[in-house]
Amino acid sequence: MLKIGCHLSASAGFMHMGKEIVSIGGNTFQFFTRNPRGGSAKPLDEADAAAFRRFAEENGIPVILAHAPYTLNGCSADPGIRDFATRTMADDLARMEAVPGNLYNFHPGSHVGQGIEAGIEMIAGMLNTILKAEQRTTVLLETMAGKGSEVGSRFEELREILDRVVLSEKMGVCMDTCHVNDAGYDIVNDLDGVLTAFDKVIGLERLKAVHINDSKNPLGARKDRHEKIGEGTIGTEGILRVMRHEALRELPFYLETPNELDGYEREIRMLKELY
Ligand code: FE
Ligand code: FE
Ligand code: ZN
């Protein structure tokens with residue numbers, strides 16, 4: 001069964017998001033664990049989480065995806081920022097145990113001139129201090145566009161992080177269609193080739209979620225500007241080929257397009273119809 005949804009505001013809690021995604025025709029959703037620009041999280045509402053677990057079961061929401069704040073940078077040159085990243089992710093993962101068995105995605109980080117290799121070491125080091133054998137959340141590295149000094153725009157870089165993580169069975173990857181396009185992977189004309197490369201370098205079994213976004217920019221632009229489905233350089237057919245691909249079709253798909261709820265509802269309806 002197609003698993004499709006979009007990014008939702010988490011401010012009113014899990015139950016609210018569950019009802020909201022069902023009301024717009026989706027069966028999974030993504031949300032920020034706290035303000036995307038950082039800061040502290042609201043205290044966890046255990047009753048809301050418990051009610052959502054039942055709601056998800058009853059309404060066929062098979063999985064949800066939490067997204068770390070953008071400001072989280074485990075490979076900053078500033079030890080204070082690295083420390084904030086470590087504490088934030090550890091706290092997020094502790095809170096995710098209230099909705100066990102789901103996914104937590106983060107942007108690997110920006111090495112800010114220290115070099116990719118130094119960045120990879122720091123990111124893996126952070127994960128090694130945070131991950132716990134008993135946790136029930138899978139932590140995903142997002143494929144990045146490669147703007148600025150972002151780590152993770154090459155599959156090889158994600159592989160190197162995974163290789164250094166001790167509890168690597170707790171780790172997976174989330175592929176963002178806008179980001180891989182902007183990073184130079186031609187998913188429009190050679191999706192098979194891109195997925196073959198992904199499989200060789202990382203292994204397709206590591207792929208746990210897909211962000212379906214069109215891109216405002218051409219292949220290899222290293223920009224990361226999401227566009228509405230069908231209005232960018234990937235196109236509706238390009239997105240549908242991703243969703244229909246044998247190796248991807250069982251994964252959950254998340255829209256992060258520049259939309260309000262009504263726009264997401266239209267995109268979900270359109271993609272479900274065309275799918
Ligand atoms: Fe992201
Ligand atoms: Fe994304
Ligand atoms: Zn993006």
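Which residues coordinate the iron ion (ligand 1)? In this predicted model, the iron ion (ligand 1) is held by H67 and H107, each through NE2, and by E142 through OE, at 2.1 to 2.3 Å. Along the chain these donors follow the spacing H-x39-H-x34-E. Because H67 lies in strand 3 (residues 65-67) while H107 sits in the loop between strand 4 (103-106) and strand 5 (109-110), the pair ties together parts that are 40 residues apart in sequence.

The iron ion (ligand 1) has further metal ions to be considered with it. The iron ion (ligand 2) is 3.3 Å from the iron ion (ligand 1), and E142 coordinates both of them. The zinc ion (ligand 3) is separated from the iron ion (ligand 1) by 5.2 Å.

For the zinc ion (ligand 3), the protein donors are H179 (NE2), D224 (OD) and H226 (NE2), which lie 2.0 to 2.3 Å from the metal, and their spacing in sequence is H-x44-D-x1-H. Since H179 belongs to helix 6 (residues 177-183) and H226 to strand 11 (residues 226-227), this pair ties together parts that are 47 residues apart in sequence.

The table gives the relative accessible area of the histidine donors, with buried meaning under 20%.

| Residue | Metal ion | Relative accessible area |
|---|---|---|
| H67 | iron ion (ligand 1) | 1%, buried |
| H107 | iron ion (ligand 1) | 18%, buried |
| H179 | zinc ion (ligand 3) | 2%, buried |
| H226 | zinc ion (ligand 3) | 18%, buried |

Technical notes. Residues numbered from 1 in each chain as written. Chains lettered and ligands numbered in written order. Predicted model: local features only at pLDDT ≥ 70, side-chain atom pairs only at ≥ 80, totals over all residues. Heavy atoms only, no water. Donors = N, O, S within 2.8 Å, 3.2 Å for Na, K, Ca; no water. Helix = DSSP H or I, 4+ residues; strand = E, 2+ residues; numbered from the N terminus. Buried < 20%, exposed > 50% of the residue type's maximum accessible area, 1.4 Å probe, protein only.
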